[in-house]
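Dear colleague,

I am passing on the structure below, together with some notes on what turned up in it. Please keep it open beside you while you read, and look up each place as it is named.

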Amino acid sequence: MDTVDLARLQFALTAGAHFMFVALTLGLATLVAVVQTRATLSRSPLHLRMTRFWGQLYIINYAMGIVTGLVMEFQLGLSWSGLTEFAGNVFGSSLAIETLVAFFVESTFLGLWIFGWDKLNRWAHLALIWGVTATAYASAFWILIANGFLQNPLGHRTENGVLRIADFGAMVANPAALIAFFHVAGGALVTGGFFMAGVSAWHLRRRTAEQDFFRKSLRVGIVVALPATLFTATFGGIGFQTLQPAKSAAFAGNAERLAQAQAEMVARHGPGDYLPPVGLVQAAGITMMTVFAVLLFLAALSFLLMLFRPVVRGFRPWHWLLTALIPLPFVAMLAGWVFREMGRQPWAVYGLLKTSDAMSPVSHAQISLSLTGFAAVFAVLIVTNYWLLARAARRGPEAVTLGERPVRPPVLAY
Amino acid sequence: MEILILAFFALGYLVLAGADIGVGMMLPYLGRSADERRVTIAAIAPFFLGNEVWLVATAGVLAGLFPELEGELLSGNYSLVVALLLAWVVRDMGLWLRGRVPGGRWQAFWDGATVLGSWGLALSWGSLLSDVLLGITGPVALVPALLVAALFATHGLAFAALRLRGRLRERAAVLSGGAGESRTYALTTAALAAIGVLAGLRLPLEPGTSGPLLVPVILVLIPFLVAAQGWVWWTFRHRVTGPSYL
């Protein structure tokens, strides 16, 4: 592989790992906030326990989201200084706003939410989880504004060979960004909803002690998952109108339109290969659509089954199926992301800067070494964290440590 | 104004997160048993998320206001920045994972990750700063890097002495002597800030073109960000009385 391919692989692995965790983070944060609102309003002990159990799973997942996010924040400057030099004055502003409005506040409030569990007024504590949730969506919003600019550059002008902002409003109102934001936000809720339903179904099937707890949780999961699936699909459908010609031709597998897209690019930018890897883009698009169809059908079916309490308690094949569905939204999210990002190749900034011209002047050896380092560390951490997530999910609400008052060790009580 | 904003976040990171790094480095010295280590970590636990994010903000400010410098600085020090990121990830995972499974070996392993990651962070920062400040690279850079690491460690000890009680506080105050932990902390804070400022003066701080748009936005945001952090400091202003969630 040449240096650019290695750098792309490193970016893809980091972004892919990050995306898997933040998808669940975004969805679960919303669900935890809703459950905690219920707990705070009603003072119901059951809902308080639900907040702590789902909150614990949320935090296990969040920790991975944050460490992959830290690495993401530095990837552009590390490996793609050609991109930051050429377009950083435009899309960098969106990244700056993201770190300050979203990442900064989200981390600060989350620390306060976790460690201030019994120290804060319960309304202040509730406000914190909503603050964390709102800033998580703000984060997704500003990242997609930056990504939308790379997909469909708007609101810029060229000066001395580099881009600068001409119209910030046009950049933020970019349909390629806004539609994608709603699509991804919906996808996160699908991921969170199916996760909550699947974990609950596992406990119902095993007839663990917490029947009431998981019957209610399963309903929350499905009540969110069904409309979220429809919402995501709606914005996915609208998003097809914002696709680059070569991406949509690759999805359709239409040789004639592909040739036309290539010819148009050659006419504008000179000779070269301007087509994305057609097979991969098409496979990713089809995977996303197929998984969506399966999820929609099963979410609708589950919504009906959920209305009958004996079914919720005792229909084990359905429980088994819901648990088996947990990975599917992740598959759809990753496939959709591959479709979006591979489909715009060979461009880093569509029509303006090629990926091969966006790289930093770093050596093959440097990238090989860093790629090996990141891949090894992330592989170990991803396996460990999914094992811990599954373990904490199986052990149920009794084993939760979040929000419990720790016992003071006698050795230090002086 | 762009430079002041960058300095605000970069110095904020060095001073605030520097204490977390130092406590992580000195964890084997401060906490001799698993329980003691857990209480020692409680000294930084409520803060470390909100502290490390100052570096994320610094990166964001670089990306928005100094995009050219961002590329030069990060890709120009590629391997050091990668080492810094890996150490950061290992340190954070050590903190997050230590309490997830009961058992001495699991905790000892992740405490080891916290210590290793903290040393890695301190030494990467030391090497980066000595490269920027003195232009020294290669094995010789280890000397100034170790000095910077020692400064982080002292800063961490002073912070731990301010947060802990009893035997742990005594251990942490070993370097403070008669001066008192507040004064030691003020001193190490000044030293870290001075190194940060001097390194900044050596950088080609040429702002990009989005300042007129971004600077007012950031200036409006800063009071809210400081208030959010102030809420954390106020909530955890008392000394640690026992272990926390981690």
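Tyr58(A) touches residues that lie well along the chain from it as well as before it, among them Thr25(A), Leu28(A), Ala29(A), Val32(A), Leu110(A), Trp113(A), Ile129(A) and Val132(A), where residues up to four places away in sequence are left out of the count. Please bear in mind that this is a predicted model. Tyr58(A) also belongs to the largest nonpolar core, which has 199 residues, and it is listed there with Trp54(A), Leu83(A), Trp113(A) and Phe9(B) as having the most contacts inside that core. A second core, separate from this one, has 13 residues, including Ala140(A), Leu144(A), Ala180(A) and Met333(A). In soluble globular proteins, nonpolar side chains tend to be buried together.

On the surface, Met1(A), Leu9(A) and Leu13(A) make a nonpolar patch of about 290 Å². Met1(A) is found in the segment before helix 1 of chain A, and Met1(A) counts as exposed because its relative accessibility is 64%, where the cut-off for exposed is over 50%.

Is Ile326(A), by contrast, buried or exposed? Ile326(A) counts as buried, because its relative accessibility is 17% and buried means under 20%. Ile326(A) is found in the loop between helix 12 and helix 13 of chain A, and it touches Phe194(A), Phe195(A), Gly198(A) and Val199(A). The C-alpha atoms of Ile326(A) and Phe195(A) are separated by 5.3 Å, although the two residues are 131 residues apart along the chain.

Next comes a pair of strands. Strand 1 (residues 156-159) and strand 2 of chain A pair in the antiparallel sense over four bridges, with Arg157(A) standing opposite Arg164(A) of strand 2. Strand 2 (residues 162-165) has a covered face, formed by Leu163(A) and Ile165(A), and an uncovered one, formed by Val162(A) and Arg164(A). In a regular strand the side chains alternate between the two faces of the sheet. The two strands form a hairpin with two residues between them, and Asn160(A) in the turn has a positive phi of about 50 degrees; Asn160(A) is exposed, with a relative accessible area of 78%.

Most residues other than glycine have a negative phi, and most peptide bonds are trans. Arg43(A), in the loop between helix 1 and helix 2 of chain A, has a positive phi of about 55 degrees although it is not a glycine. A cis peptide bond joins Gln345(A) and Pro346(A), with omega about 5 degrees, and Pro346(A) is in the loop between helix 13 and strand 3 of chain A.

With best wishes

How values were computed. Residues are numbered from 1 along each chain as its sequence is written. Chains are lettered from A and ligands numbered from 1 in the order in which they are written. This is a predicted model: local features need pLDDT of at least 70, side-chain atom pairs count only at pLDDT 80 or more; totals for chains, interfaces and linings use all residues. Side-chain values use heavy atoms; hydrogens and water are left out. A nonpolar core is a set of buried Ala, Val, Leu, Ile, Met, Phe, Trp, Tyr and Cys residues joined through side-chain atoms within 4.5 Å. Buried means under 20% relative accessible area, exposed over 50%, partly exposed in between (1.4 Å probe, protein chains only). Contact means heavy atoms within 4.5 Å. Patches are made of residues with over 30% relative accessible area and no salt bridge: like charges are joined within 9 Å, nonpolar side chains (Val, Leu, Ile, Met, Phe, Trp, Tyr) within 5 Å. Accessible areas come from the Shrake-Rupley method with a 1.4 Å probe; for residues, only the protein chains shown count as cover. A salt bridge is a side-chain nitrogen of Lys or Arg within 4 Å of a carboxyl oxygen of Asp or Glu. Two strands pair if DSSP finds at least two bridges between them.
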